[in-house]
Amino acid sequence: MNIQYRPAESPDEVMQSLDVTQKAFDRTPADYFRKRLELDPTLNPGDTFLALMDGRIAAVVQRFPRDMYVRGNPVRMAGIGNVGTHPDFRGEGLASGLMRQVLQTSLQQEFELAMLFTRIPDFFAEFGFRPVERNEFYVEPVPEAPRGEVGLFSRKTDLADVMALYETFTPPRTGTIRRSEAYWNGQIDFARDEQGLFYVLRRQGRLVAYIRGARLGETLRLMEYAYRDSLVDVLQLASHVAREQGCNRLRLPLTPEELFQAPAPVPIGADEEDRIMLHILNSESLTERFSLWDDDPDSIMENLFGPGEFTFWQTDFF
Ligand SMILES: CC(C)(COP(=O)(O)OP(=O)(O)OC[C@H]1O[C@@H](n2cnc3c(N)ncnc32)[C@H](O)[C@@H]1OP(=O)(O)O)[C@@H](O)C(=O)NCCC(=O)NCCS
């Protein structure tokens, strides 16, 4: 049996690899992965990594190249997703071989960090991935109405203002993603069918807050938000939308500073969501860029991604 690990060489080959991904994730709707690839303007064929057995694609790993903000600075991050082996070829080391290949290639291509979401953290711990704590909480809706005009997001009238607010609000939160306009547009299209709860709050025409939500039973989950002056605007806007949707609680990420501004936040359970894991690819460069004392990956994790210090907007999920 001849095994080869390499990036895809053409868009055609990427499309062929979707068959394997589909078979590996047989409970995910058929269209999901194709749409994902088509609507992400950052992807090149070289971001799809293949394991071939006698020339036939048997396992696939998708890399999503991103810049992640760490203390306000963009860090080159390899988002690892859709790790899947065709059911006929499992347990032969293919996914492991591919993981090593994608990490090694990414380091050579000057990625500093890798990140993934998973329900099987033990598998990925083998390759040096470490879990980070999500800073998500449940909060009761607040009774006060939002101060201003509430509107459903419109790409035509709101996107420029939303992007501008994102640019000032988001970079200081470690774990968030830098976005180009092309990325924004693809992401809104990709997210639309599963979310559709994107609201803006304006006062005298000026955008003061927005939320992007999703319903989880009786919970309104904020996948992303931003505000100009105060978290209160987000809480009031979200509570208003929650009441309209018949939801009786909110779930949202909160930084340590914001925790004090939210009424009685309760952390979500560790098993309520996929684990987020990070892999320090280039400890030297991170140590230097962030003036850390120690280049040991555990120490870097603790310094840069300590408890409560990691916000991931779920709208950037890959
Ligand atoms: C997980 C998956 C990619 C592994 O692919 P593979 O090519 O068989 O992996 P390898 O042969 O390199 O490694 C096998 C090891 O993976 C680990 N593993 C596989 N499935 C696992 C699971 N559900 N939980 C924990 N570990 C698991 C085991 O340690 C296994 O070792 P073993 O063969 O000694 O039992 C494959 O089972 C798959 O495609 N699953 C469905 C999609 C999926 O869940 N992907 C991960 C999403 S984050």
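Two strands count as paired here if DSSP finds at least two bridges between them. Helices (H or I, at least four residues) and strands (E, at least two) are DSSP runs, numbered from the N terminus. With that in hand, a good place to start is the bridge between Pro7 and its partner in S2, Phe49. S1 and S2 run antiparallel and are joined by 5 bridges. Before we go further, please note that this is a predicted model, in which local features need pLDDT of at least 70, side-chain atom pairs count only at pLDDT 80 or more, and totals for chains, interfaces and linings use all residues. Residues are numbered from 1 along each chain as its sequence is written.

Let us step back to the overall layout. The domain assignment of the protein chain gives domain 1 (3-134 + 273-316) and domain 2 (136-267); such bounds come from an automatic or database domain assignment. The centres of the two domains, taken over C-alpha atoms, are separated by 27 Å. Their contact takes 26 residues from domain 1 and 23 residues from domain 2, where two residues are in contact if their C-beta atoms, placed from the backbone, lie within 7 Å. On the side of domain 1 that touches domain 2, the elements giving two or more residues are H2 and strand S3 (56-70). S3 provides the largest share of that side, 5 residues. By class, the same side of domain 1 has 11 nonpolar, 6 polar and 9 charged residues. In this count Ala, Val, Leu, Ile, Met, Phe, Trp, Tyr, Cys and Pro are nonpolar, Asp, Glu, Lys and Arg are charged, and the others, Gly among them, are polar.

Now follow the sheet that holds S1 and S2. Its 7 strands form an open sheet of mixed pairing, in the order S1-S2-S3-S4-S5-S14-S6. Strand S1 (3-7) and strand S6 (130-132) stand at the edges with a single partner strand each, so one side of each has no neighbour in the sheet. From one strand to the next, the twist averages 30°; angles run from 0 to 180 degrees between N-to-C directions, and axes are lines fitted to C-alpha atoms, for helices over the stretch in contact. S2 and S3 pair in the antiparallel sense over 6 bridges, and Ala51 stands opposite Ala59 in S3. These two strands form a hairpin with 2 residues between them, and Asp54 in the turn has a positive phi of about 45°. Towards the other edge, S6 pairs with strand S14 (residues 275-280) in the antiparallel sense over 3 bridges. Here Pro131 has Met277 in S14 as its bridge partner.

Helices pack on this sheet too. Helix H10 (residues 297-304) touches S3, S6 and S14, and its direction makes about 125° with that of S14. H1 lies across strand S2 (48-53), S3 and S4, running at about 95° to S3. H1 also meets another helix: the axes of helix H1 (residues 11-24) and helix H2 (residues 31-39) come within 9 Å and cross at roughly 145°. Val14, Leu18, Thr21 and Gln22 of H1 make this contact with Phe33, Arg34 and Leu37 of H2. By class, the contact has 4 nonpolar, 2 polar and 1 charged residues.

A second sheet awaits you. Here 7 strands form an open sheet in the order S8-S9-S10-S11-S12-S7-S13, again with mixed pairing. Strand S8 (149-152) and strand S13 (266-267) are the edge strands, each pairing on one side only. Strand S7 (residues 136-139) pairs with S13 in the antiparallel sense over 2 bridges, and Tyr138 has Val266 in S13 as its bridge partner. S7 and S12 also run antiparallel, joined by 4 bridges, with Leu252 in S12 as the bridge partner of Phe137. Helix H5 (residues 155-169) lies across strand S9 (197-203), strand S10 (206-216) and strand S11 (219-227), at about 90° to S10. Helix H7 (residues 231-245) lies across S8, S9, S10, S11 and strand S12 (249-253), at about 45° to S10.

Finally, turn to the ligand. Of the 17 residues around the ligand, Thr85, Arg90, Ala95, Ser96 and Ile120 come nearest; a residue is near a molecule if its C-beta atom, placed from the backbone, lies within 6 Å of it. Strand S4 (73-85), helix H3 (94-108) and helix H4 (121-125) each supply at least two residues of this shell. By class, the shell has 8 nonpolar, 6 polar and 3 charged residues.
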